[in-house]
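Here is a structure to explore together, with the sequence alongside. Take a moment to turn it around before reading on.

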Amino acid sequence: MQQRRKDLRFPLPRGFAARLQGRRVLKVDRRAKYILIHLEGDEILLCHLGMSGRMLIGNGPVLEPEAHDHIILETDDGGHVRFNDARRFGMMDLVSEAGLARHKLIKGLGPEPLDPAFTGAVLATRLDRKATSIKAAILDQRVVAGIGNIYASEALFRAGLSPKRKAGTVQGPRAEKLVAAIKAVLAEAIAAGGSSLRDYVQTDGELGYFQHRWAVYEHEGEACPACECDIAVTGGIRRMTQGGRSTFYCPRRQR
DNA sequence: CACGCCACCTGTGAGC
DNA sequence: TGCTCACAGGTGGCGT
């Protein structure tokens, strides 16, 4: 294990390298956008990729680290896993199994969107009386965990809901429809290998290709795939800024 | 407490 | 060609 910086977004924990040294990996899973690497000895390596972070798996030792290779995990078969993150919005921490649910980055997280327990009724309850926009609400990891800016626009488009709609009004059938849309968008994106912006790659180095299926994201001015309307009249897909983030939507289809 | 906004950091691409 | 500037996938923290 090579630790090439003392911090990522946050300081790495004291004794970080020593606490990883020689630990066998028991399993890897995740909660929301956090990767959980469970290690022998009651230690979980908690990782978040931020916006630009990548885990790159390679054979053999890392002879010459590349720019922004911050953490290099060496495996006992002679291979390695590099955490590379140009923007350094990613983070890592170590936590015990019992401490995970109480960890400050984990404890407030909302339900997993792909969990069968995440239903329209559950979302409706969590949105009840929320004054903020539905776009901001589904991006809020405390409301539902794991939806990012691209999939928020895509899910609202599929559900036919305006991103500007007050979150508290998404109740009953609207909440059911939104939950179905969120599940469908995420499942399809996972099956397609994720979305690529610029140089995003999967662990095998291939580009994700869900971006080719975006209906609205980065399609400003283009025809809405669900409308028959004349683009010369409607202007097609629109882009606006909400909370400093881009939102793409069809004002005719989404209400 | 709920909400809106900014900062964090670097790379990229557009515009001049 | 080379410079400057706006913007980018996330989220913690602060002010209101």
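## Meeting DNA strand B

Let's begin with Thr-132: an N or O atom in its side chain sits 2.7 Å from a phosphate oxygen of DNA strand B. Lys-130 also reaches a phosphate oxygen of this strand, with a polar side-chain atom 2.5 Å away. Arg-87 offers another kind of contact, since an N or O atom of its side chain is 3.0 Å from a base oxygen of DNA strand B. Keep in mind that this is a predicted model.

How many residues are around DNA strand B? There are nine, and the nearest are His-68, Arg-87, Lys-130, Ala-131 and Thr-132. Of the strand's atoms that come within 4 Å of the protein, 70% belong to sugar and phosphate. The protein surface near DNA strand B is made of four charged, three nonpolar and two polar residues.

## Meeting DNA strand C

Now turn to the other strand in our story. DNA strand C is surrounded by 20 residues, and Lys-33, His-48, Tyr-217, Arg-239 and Ser-246 are the closest. Sugar and phosphate make up 52% of the atoms of DNA strand C that come within 4 Å of the protein. On the protein side, the nearby surface has eight nonpolar, seven polar and five charged residues.

Which parts of the strand are touched by individual residues? The side chain of Tyr-34 has an N or O atom 3.1 Å from a phosphate oxygen of DNA strand C. Asn-149 uses its backbone instead: an N or O atom there lies 2.9 Å from a phosphate oxygen of the strand. For Arg-9, the partner is a sugar or linking oxygen of DNA strand C, 3.1 Å from an N or O atom of the side chain.

## A helix with two sides

Helix H5 covers residues 172-191, so count along the sequence to find its 20 residues. From first C-alpha to last, H5 reaches 29 Å, close to the expected 28 Å.

Which residues of H5 are buried? They are Ala-175, Leu-178, Val-179, Ala-181, Ile-182, Val-185, Leu-186 and Ala-189. These residues lie on the same side of H5 because they cover an arc of only 165° around the axis. On the other side of the helix, Pro-173 and Ala-191 are exposed.

## The start of the chain

An unreviewed UniProt entry lists residues 1-90 as "domain: Formamidopyrimidine-DNA glycosylase catalytic". Across residues 1-90, the chain is 43% strand and 6% helix, and the end C-alpha atoms are 18 Å apart.

Notes: Residues numbered from 1 in each chain as written. Chains lettered and ligands numbered in written order. Predicted model: local features only at pLDDT ≥ 70, side-chain atom pairs only at ≥ 80, totals over all residues. Heavy atoms only, no water. UniProt positions renumbered as here; feature names shortened; annotations may be inferred. Helix = DSSP H or I, 4+ residues; strand = E, 2+ residues; numbered from the N terminus. Near = heavy atom within 4 Å. Polar contact = N/O pair within 3.5 Å; in protein donor to acceptor, adjacent residues only side chain to side chain. Nonpolar A, V, L, I, M, F, W, Y, C, P; charged D, E, K, R; others polar. Expected span 1.5 Å × (residues − 1). Buried < 20%, exposed > 50% of the residue type's maximum accessible area, 1.4 Å probe, protein only. Arc of directions from axis to C-beta.
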